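Visitor: Could you take me slowly through one part of this protein, and then set that part in the context of the chain as a whole? I would like to know which residues lie where, and how the helices pack.

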Amino acid sequence: MNQTIPFKKDLVLVGGGHSHVQVIRMLAMKKALGGIRVTLISDESTVCYSGMLPGCLAGLYRPDEMEMELRPLCNWAGVRFVRARVAGLDPVLQQVYFDNGRPPLAYDALSINVGSIPRGMDTPGVREHAVPTRPLGLLLKRIHEFEENHQTDGRPLRIVIAGGGAAGVELAFAMHSRWGKRFAPVQITLVESQSALLTGHRPRVVAIIGRYLEEKGIACLTGLRVTGVDKTGVHFEDHPSLPSDFLLWATGGAPPGLLKVTNLETSGAGFIRVRPTLQTIGYDNVFAAGDCIEFPSRSLPKSGVYAVREGPVLARNLHAWLKNRSLVPYRPQGSALALLMTGTRNAVASRRHVSFHGPWVWRLKDWIDRRWMRKFEPALLPPMDPAGDAPIAREAPSTNDAPPVGEKAGGGPEVSAMRCAGCGAKVGSSVLTGVLDELEVFDREDVRIGLHDADDAALLEIPPGRSLVQTVDGFRAFTGDLHLFGRIALVHAASDLYAMGAEPHSALVTVTLPYAEKPLVANDLRQLMGGIAEEARGLGVTLLGGHTSEGTETAVSVTMNGLAGSDVVFRKGGLRPGDGLILAKPIGTGVILAADMHLKARGSWVDEVFEGMLRSNAEAARILAQVGIPSVTDVTGFGLAGHLVEMLEASGMGAELEIDRIPLYTGAADCVAGGVESTLAPSNREHLQKRWQVESESGAADAAKLGAVDGRDALLFDPQTSGGLLAGVPPSEIDDVIAKLRAAGYVRAACIGRVTDRKRHLRIR
């Protein structure tokens, strides 16, 4: 994000629920983010729309049709996305805490939309033997795992669904459609603690649903309370146990564990108590919506319908509070239209005193659900100006005396102070000192003067018999999660040292942060340096110091020192004919990050790439050193082909590559097929083709087509961030090296080709 308007306030959204996705979309569409930095925190980058879950399970929708991608939505809106699990909140200190050791995230305004979990999860045996219906992604995963592992033995598959509300009934129908033929015969039993199914619905609706259940042979047991679950089945208080092969836990909503550590006022049931404005009781700057809330005056059903209706009010009030404007109340409808799936293209409608059923009700539900999902489909989102340059939409004058944040008393947007250049562009000393004092730094005895000393430079002692190896690397931020970005930047910088057989020793860090108010700059620096320090400790790297400056976007550069013995230094030269070319990690980071920028990448693809980037090359370097491999490099900005050619030129050799053996990150080939390409790829391709004879499988005449944007071999030129090591390995050692690499966690390590004696010749097979 290129930010030219200084940020003044931090809005943090916890949870990617139905309300928050609307908040993101509405604030962006209204260009209401000027001066407001928004961060969405979610433990998953892809969330499922609950309204389409039964249809998906029944086979009426593909899984991707009910999935909402949070990363592209945030990228489009100029919102930072952080994939992390929140461990607690402090509304007094105004901080969000995490469970993975990352620094807390400060906020000016906070909103919580984390949904609910099934009630009764603490019943003995439920967590071990039942499949909860929330989160929805986990439900789908568990069902797929059962399908892959279950062996039919001729006896009926016994499915028990605990919970006879709308969710349980729809799941019973869906599982009958999904498994009725695949695992025939199937016995499905609904178990409800109340005296009847569908409490709160009209008798006519209950009767209609009852007929459908009877037609499908789905049994119903009511008035039974589950006392325990084990591998044999479900146990009750005053009723014989019910054998079960697959137990779905679809009870009513209960508060998720996070609500116990928010320090916010909760109801007797444990939900966050909110006012009509969706502000929490006692804290004007903390909002909440969806299934996790409860109004003191009225208890609403735990239904996505209400979360959807709350979204627009939440968006308006969050923006109004940040701009010192008046808030509006949320007025829930008297009753909501319920559309219940029956496992086929047929549904039952229920509202107040009326009910209908039939295929036309299904078509209505399908139209409503698809219309909702289209609002958040990346390909259908309208083009937006960069968030940092988006003008602030004009609104009605505030009824408060104070002028809106970011405006002068006379009206009109505040003109940002001119930013200094030179040393005047450094981050303020109070901010810098405060953050650095918090860092936990790995200490070394041979660092005589370092980070926490007041001297002008670091002072190191080089042990006798060791050589100093130095490298520098850096790049712009490719994610709004600055803690993650800091971790990857440090791992990436260390890779050059591992590619030389050196042990990382110490580092200097240069950081550029966007223009913002001092508290926001401190927040950013704390997250970024916290990530850098975390990985530095893990790699045994001492942080010596560095430099900070202001700019239009976040960037990091790391200068890293390493130590190497004269007998263990890898070089790019030394390849011999017949050597196998072993690649330790997949490729495709460049094209997937490019697709992410263009809103064309799935969240799971980006998640996998980030996990790969965080895998250090330390173990790979150790394995290669033990085997005595001399020829090693790391695959980074020049792409696999570019760095391979550097090795071949240094050795006076050529090579044959087997394109199908090159490990790719999931989604890389899809991105290439979709015409996505990193901006550096054309230059990488041009550089190789001008200097080398390149031959494709079908003959030299096709070499000019090598690396075409829509071809798989385009990934040979894809620039990599924190890529894997590439080594030339003697034929007798190939299998052993690959086995050791995979055992060390480089599970996709592979031999991708061999070295030939044809100088400056590359054959792609």
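Guide: A good place to begin is S722, which sits in the loop between β36 (693–695) and β37 (725–729). Please keep in mind throughout that this is a predicted model. The backbone at S722 has a phi near 55°, which is a positive value in a residue other than glycine. With a relative accessible area of 3%, S722 falls under the 20% cut-off and therefore counts as buried.

A second residue invites the same reading. N324, in the loop between α8 (304–322) and β24 (338–341), also is a residue other than glycine with a positive phi, in this case near 60°. Its exposure is another matter, because a relative accessible area of 30% places N324 in the partly exposed class.

Two further loops are worth a look for their peptide bonds. The bond from R134 to P135 is cis, with omega near 0°, and P135 belongs to the loop between β11 (131–132) and α5 (136–149). Likewise, A184 and P185 are joined by a cis peptide bond whose omega is about -5°, and P185 is part of the loop between α6 (166–179) and β13 (186–192).

From the loops we can turn to packed helices, beginning with α11 (residues 482–498) and α12 (residues 518–539). These two pack at an angle of about 40°, and their axes lie 7 Å apart. The crossing of α11 with α12 is right-handed. On the α11 side, the contact is made by L482, H483, F485, G486, R487, L490, V491, A494 and Y498; on the α12 side, the residues involved are D524, Q527, L528, G530, G531, I532, E534, E535, A536 and L539. Sorted by class, this contact holds ten nonpolar, five polar and four charged residues.

Strand β30 (residues 503–514) contains V509, and this valine is a useful residue to inspect in detail. Its relative accessible area is 4%, under the 20% limit, so V509 is buried. Leaving aside residues up to four places away in sequence, V509 touches M529, I532, L543, G545, G546, H547, V556 and S557. I532 thus appears among the neighbours of V509 and also among the α12 residues that meet α11. V509 can be paired with T548 as well: the two are 39 residues apart in sequence, with a C-alpha to C-alpha distance of 8.4 Å.

Further along the chain come α13 (residues 589–597) and α14 (residues 603–613), which pack at an angle of about 135° with their axes 10 Å apart. An angle of that kind is not over 145 degrees, nor does it fall in the range from 65 to 115, and α13 and α14 are therefore classed as oblique to each other. Their crossing is left-handed. The contact brings T589, I592, L593 and D596 of α13 against W605, V606, V609, F610 and M613 of α14, and its residues comprise seven nonpolar, one polar and one charged.

Helix α14 itself is mostly covered, since eight of its eleven residues are buried. Those buried residues are G603, W605, V606, D607, V609, F610, G612 and M613, so the list includes W605, V606, V609, F610 and M613, which meet α13. E611 is also in helix α14, but it is exposed, with a relative accessible area of 52%. Although E611 and L484 are 127 residues apart along the chain, their C-alpha atoms are separated by 10.0 Å.

With these parts in view, the chain as a whole can be described. The protein has 19 helices and 39 strands, and buried residues account for 55% of its 765 residues. If we take the contacts between residues at least 6 apart in sequence, 76% of them join residues at least 24 apart. The surface that the protein exposes comes to about 32600 Å², and carbon and sulfur atoms supply 51% of that area.

Conventions
Residues numbered from 1 in each chain as written. Predicted model: local features only at pLDDT ≥ 70, side-chain atom pairs only at ≥ 80, totals over all residues. Heavy atoms only, no water. Axes fitted to C-alpha atoms, helices over the stretch in contact; angles between N-to-C directions. Helix = DSSP H or I, 4+ residues; strand = E, 2+ residues; numbered from the N terminus. Parallel < 35°, antiparallel > 145°, perpendicular 65-115°, else oblique. Left-handed = near helix turned anticlockwise from the far one by under 90°. Contact = heavy atoms within 4.5 Å. Nonpolar A, V, L, I, M, F, W, Y, C, P; charged D, E, K, R; others polar. Buried < 20%, exposed > 50% of the residue type's maximum accessible area, 1.4 Å probe, protein only. Areas by Shrake-Rupley, 256 points an atom, 1.4 Å probe, with all protein chains shown as cover.
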